Amino acid sequence: MPPLAAIERFFERLLERPSARLFRARLQPIQLQRRIERAMEAERLSASDRTLVPNRFVVHLNPTDLAGFGEMTGSLATELADGALVFARGHRYTLVDRPRVDLIADPTVDRAEIRVVARFADPISGAVRPLDGDADAAAHVAGTVSTPSRGGPTDTVVYTVPRPTAPPARLRVRPPTGLEQTVQFDGTGLTIGRAPDNDLVLVDGRVSRHHARLAGRRGTLVYIDLSSTNGSRVNGVAVGELVLGVGDRIELGDTIITVEVAGDVG
C-alpha cells in the first residue's frame with residue numbers, strides 16, 4: 001500500500017472510533033466514498049474468471065449532515081458514482097451498468113453516521129450492457145441469460161443477477177460480558193458490529209461499528225471482515241475473508257462466535 005494511502009486509511013479508522021465523534025465537525029465526501037467502496041466489496045459476487053459488484057447505492061445520512069454539504073449536494077451524488085466506477089475498474093470488478101448513487105435524508109440515522117444500501121441493478125426492460133467484458137461473459141457470472149433477438153447490431157443480452165445464498169447455520173455467540181446466545185443464520189446474509197443497524201449487534205468496545213458480514217458464495221458460508229479496526233481471527237488465524245465450516249471459531253474483539261451447525265438447522 002502506498003504511504004499516502006496507508007496514512008489515509010489510518011485516519012479513516014481513527015474516525016470510526018466512538019471518541020472521535022466528539023472532534024468531527026461534519027462529514028466529508030471522502031468518508032462517503034470509502035463507505036460506498038466497502039459496501040461494494042461486501043456485496044460482491046465471485047465467479048471463476050471475474051467478480052461482479054453492485055451498481056446501485058443508496059446513502060442514508062442524517063438530515064443535518066446532508067444539509068451540511070450545501071451547494072455541492074447536487075453534484076455530490078454524481079461525483080460519488082464516478083468514484084465508484086473508478087474503484088471498480090481499478091480492482092477489475094465487473095459492473096452490469098454505470099454506478100448510480102442516491103443521497104437520502106434519513107432522520108433515523110445518527111449525526112456523523114453513514115448507512116449505505118448496495119444492490120445490483122434490477123432487470124431493465126429493453127437493454128442492459130455490461131461496462132466491463134462482453135455480454136456473454138457477464139451473463140456467465142449472473143447465471144441466467146435470455147435469448148436475444150438477432151435483428152440488428154444494437155441487440156443486447158438481458159439477464160438477472162441472483163442473490164447469493166449459503167447453507168443455513170446456527171451460531172453460538174459468547175460476548176465478553178453477559179450470557180451466551182444462539183443465532184440462526186438463514187443463508188441470505190448477516191451483518192455484525194456495534195452499530196444498531198447490524199443484524200447481530202455486539203456490545204464489545206473492540207468491535208467496529210460495522211465489523212464483518214456473513215454471506216453466501218457459490219453455496220458456501222463466507223465470513224468477510226469489513227476492514228475493521230481490530231481485525232478478525234478464525235481458529236486463531238487473522239483473516240480478511242474465509243469459507244466457514246462446522247466448529248470454526250470467529251474472534252471479533254473479545255467476542256467469540258462458533259459455527260455449531262451448517263447446512264441443516266433443526
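This is a conversation about reading a sheet, a buried arginine and some salt bridges in a predicted model.

Biologist: Let's start with the sheet. In what order do the strands of the 3-stranded open sheet lie?

Modeller: The order is β4-β3-β5, and the pairing is mixed. In an open sheet, look for the edges next. Here β4 (100–105) and β5 (114–119) each have a single partner strand, so one side of each has no neighbour in the sheet. On average, neighbouring strands are turned by 20 degrees against each other, direction ignored.

Biologist: How many bridges join β3 to β5, and how do the two strands run?

Modeller: Strand β3 (residues 56–61) is joined to β5 by 6 bridges, and the two run antiparallel. To find the register on screen, pick a bridge pair: His60 has Arg115 of β5 as its bridge partner.

Biologist: Which helix packs on the sheet by touching β3 and β4?

Modeller: That is helix α4 (residues 73–90), whose direction makes about 140 degrees with that of β4. Helix α2 also belongs in this picture: α2 lies across β3, β4 and β5 and runs at about 40 degrees to β5.

Biologist: Now a single residue. Where is Arg44 found?

Modeller: Arg44 is in the loop between α2 (29–42) and β1 (45–46).

Biologist: Is Arg44 buried or exposed?

Modeller: The idea is to compare relative accessible area with a cut-off, and buried means under 20%. Arg44 comes out at 17%, so Arg44 counts as buried.

Biologist: What does the side chain of Arg44 reach at 2.5 Å?

Modeller: The backbone oxygen of Glu41. The Arg44 side chain also makes a polar contact with the side chain of Glu241, at 2.3 Å. For the wider surroundings, leave out residues up to four places away in sequence; Arg44 then touches Thr51, Leu52, Val53, Pro54, Tyr93, Arg217 and Glu241.

Biologist: Glu241 has come up twice. What do the side chains of Glu241 and Arg44 meet in?

Modeller: They meet in a salt bridge, with 2.3 Å from N to O. Once you have such a pair, check where each partner sits. Glu241 lies in strand β14 (residues 241–243) and Arg44 in the loop between α2 and β1, so the pair ties together parts that are 197 residues apart in sequence. While Arg44 is buried, Glu241 is partly exposed, with a relative accessible area of 33%.

Biologist: How many salt bridges does the count come to?

Modeller: The count comes to 12. One of them takes us back to the sheet: Asp102 pairs with Arg100, their closest N and O atoms being 3.3 Å apart. Asp102 is partly exposed at 27% relative accessible area, and Arg100 is partly exposed at 46%.

Biologist: Which residue forms a salt bridge with Glu260?

Modeller: Arg172 does, with the closest N and O atoms 2.7 Å apart. This pair links distant parts of the chain, 88 residues apart: Glu260 is in strand β16 (residues 255–262), and Arg172 is in strand β6 (residues 169–174). Glu260 is partly exposed at 29% relative accessibility, and Arg172 is partly exposed with a relative accessible area of 29%.

Biologist: Which residues do salt bridges with shared partners join into one network?

Modeller: Arg170, Arg172, Glu180 and Glu260. When you meet a salt bridge, it helps to ask about its partners' other contacts too.

Conventions. Residues are numbered from 1 along each chain as its sequence is written. This is a predicted model: local features need pLDDT of at least 70, side-chain atom pairs count only at pLDDT 80 or more; totals for chains, interfaces and linings use all residues. Side-chain values use heavy atoms; hydrogens and water are left out. Helices (H or I, at least four residues) and strands (E, at least two) are DSSP runs, numbered from the N terminus. Buried means under 20% relative accessible area, exposed over 50%, partly exposed in between (1.4 Å probe, protein chains only). A polar contact is a pair of N or O atoms within 3.5 Å; within protein, one must be able to donate a hydrogen and the other to accept it, and residues adjacent in sequence count only if both atoms are side-chain atoms. Contact means heavy atoms within 4.5 Å. Two strands pair if DSSP finds at least two bridges between them. Axes are lines fitted to C-alpha atoms, for helices over the stretch in contact, and angles run from 0 to 180 degrees between N-to-C directions. A salt bridge is a side-chain nitrogen of Lys or Arg within 4 Å of a carboxyl oxygen of Asp or Glu.
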